[in-house]
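Good morning. I will take you through a few places in this structure, one after another. Please have the model open as I talk.

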Amino acid sequence: MHVLFTHQNFPAQFGHIARHLVRTLGWTCTFLSKVAPGEASGIRKIQYKTSGGARETNHYCTRTFENAIWSSHGVYDACKAHPDLQPDLIVGHSGFGSTLFLSELYPDVPIINYFEYYYHSKGSDLDFRPESPPGELDRLRSHARNAMILLDLVNCRAAYSPTEFQRSLFPVELRSKIDVIFDGIETDIYARRAGGPRRIGDREIPASTRIVTYVSRGFESMRGFDIFMRAAKRIYESYPDVLFVVVGSDRICYGGDEKRIKHKTFREHVLAQDDYDLSKFLFTGVVPVSTLVDIFSLSDLHLYLTVPFVLSWSLMNALACGCTILASDTAPVREMIVDEETGLLEDFFDVDGFATRALDVLRDPRSYHQLGLQGAELIRRRYALDVTLPRLVALFERVTKEASSGR
């Protein structure tokens, strides 16, 4: 069996399954992406390039689709340039234009697409934060952004999405085509390490100091960085012996905060809104996985916030490490966190509520350890790689079998 994976990045969501197919089942896997060609873990990497993209002369609402078409053409050209590439199955990430044209090269090869998000103009990430309402064109664009996603959904033989929440965003009439299979958590790596040194980098942390963690790919309003900082100030004013360990990049990944602020980054914007005691914070930047697990293992409380959007891997990794989680009571989070069972929930905008609940934990962390244990058990039972990989293999085998039988 030869599987062709397509995604603009490598290994992205497909790394775990591709390595499993090669190492465990002896399948052949090729990965098409924008990264340099070569080989990794037995996976052949082929690079595709785009020779164009959206311009300012394109309508604002069509630029996402324009970029996806150029990407589709780049993938097509890269495959065409490798006539030895003869896959039995194609698996691609929807929205980037990964697989749209490949049926022209491989008319008998089934396609499975991975779907992360379907955009809505109301009741979604776009309008969740009332202090930054979307402009008229942004609302209109949310409909047009689904163009490639819908094409991918129609053109593929089968589909999957990582969570029930993400699947629920898609049109009812097409939803039955989408299975729910999470990417998978490496629970042999993301597991709590007991007895390690209380040190992060070159900073020693006294045994009496409580550690609160916050992890985000970027510091932005979509992930509630401003709410976190405001809650943190209330926390350290009431409980001074605390350190907030903040992991991630000082950049904006989602939501377009840069359009609404005067500062270079959203972090700078937030810090300018109040007088923060930065000695209470340790901004680590992006850290290696092993360091992140060490940080999670030291955490007395992990704060996670998100608007209704794609759920962060960081939440799942923190759960796997047995962290006591205090998270925003939003739809994607409620799928993982049941209040006082696998974590704690507070209204996204309730800064005082977050601070009060956090102080309860920090004053007696041991009484909340059971939440972390139950969260880790949830990951092991439903979201660990040894659970999700067999489900993905079964999907791949079913689709190729149906295609070969002409069904």
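**A pocket, two helices and two residues**

The second largest pocket holds about 590 Å³ of space. Its lining is made of 26 residues, and the closest to the pocket centre are Arg192, Ser297, Leu298, Ser299 and His369. Before going on, I should say that this is a predicted model.

Which elements give two or more residues to the lining of this pocket? They are H10 and H14. H14 gives the most, with 4 residues. Sorted by class, the lining has 9 nonpolar, 9 polar and 8 charged residues.

Let me take those two helices in turn, starting with H10. Helix H10 covers residues 289–298, and its buried residues are Leu292, Val293, Ile295, Phe296, Ser297 and Leu298. Two of these names, Ser297 and Leu298, you have just heard among the residues closest to the centre of the second largest pocket. The buried residues of H10 pack against a number of strands: S9 at 199–200, S11, S12 at 242–249, S13 at 281–285 and S14 at 301–304. They also pack against helix H11, residues 313–320.

Now H14. This helix runs over residues 369–383, which makes 15 residues. From its first C-alpha to its last it reaches 21 Å, close to the 21 Å expected at 1.5 Å a residue. Buried in H14 are Leu371, Gly372, Gly375, Ala376, Leu378, Ile379 and Tyr383. Looking down the axis of H14, the buried residues fall within an arc of 150 degrees, so they line one face of the helix. The cover over them includes H11, strand S16 at 344–346 and helix H15 at 385–404. H11 therefore comes up for both helices: it packs against the buried residues of H10, and it is part of what covers those of H14.

Next, two single residues. Ser221 sits in the loop between strand S11, residues 210–218, and helix H8, residues 225–238. Is Ser221 buried or exposed? It is buried, with a relative accessible area of 7%. Leaving out residues up to four places away in sequence, Ser221 touches Arg129, Asp226, Asp257, Arg260, Phe266, Val307 and Phe348.

Ala40 belongs to strand S3, residues 38–40. Ala40 is partly exposed, at a relative accessible area of 21%; buried would mean under 20%. Apart from neighbours within four places in sequence, Ala40 is in contact with Phe10 and Lys45. Between the C-alpha atoms of Ala40 and Gly15, which lie 25 residues apart along the chain, the separation is 9.9 Å.

Note on methods:
Residues are numbered from 1 along each chain as its sequence is written. This is a predicted model: local features need pLDDT of at least 70, side-chain atom pairs count only at pLDDT 80 or more; totals for chains, interfaces and linings use all residues. Side-chain values use heavy atoms; hydrogens and water are left out. Buried means under 20% relative accessible area, exposed over 50%, partly exposed in between (1.4 Å probe, protein chains only). Contact means heavy atoms within 4.5 Å. The expected span of a helix is 1.5 Å times one less than its number of residues. The arc is that of the directions from the helix axis to the C-beta atoms. On a 1 Å grid over the protein atoms alone, a cavity is a set of points where a 1.4 Å probe fits but cannot get out, and a pocket is an open set with protein on both sides within 12 Å along at least five of seven lines; lining residues have an atom within 4 Å of a point. Grid points are joined across faces, edges and corners, and a volume is the space filled by probe spheres set on the points. Ala, Val, Leu, Ile, Met, Phe, Trp, Tyr, Cys and Pro count as nonpolar, Asp, Glu, Lys and Arg as charged, and the others, Gly among them, as polar.
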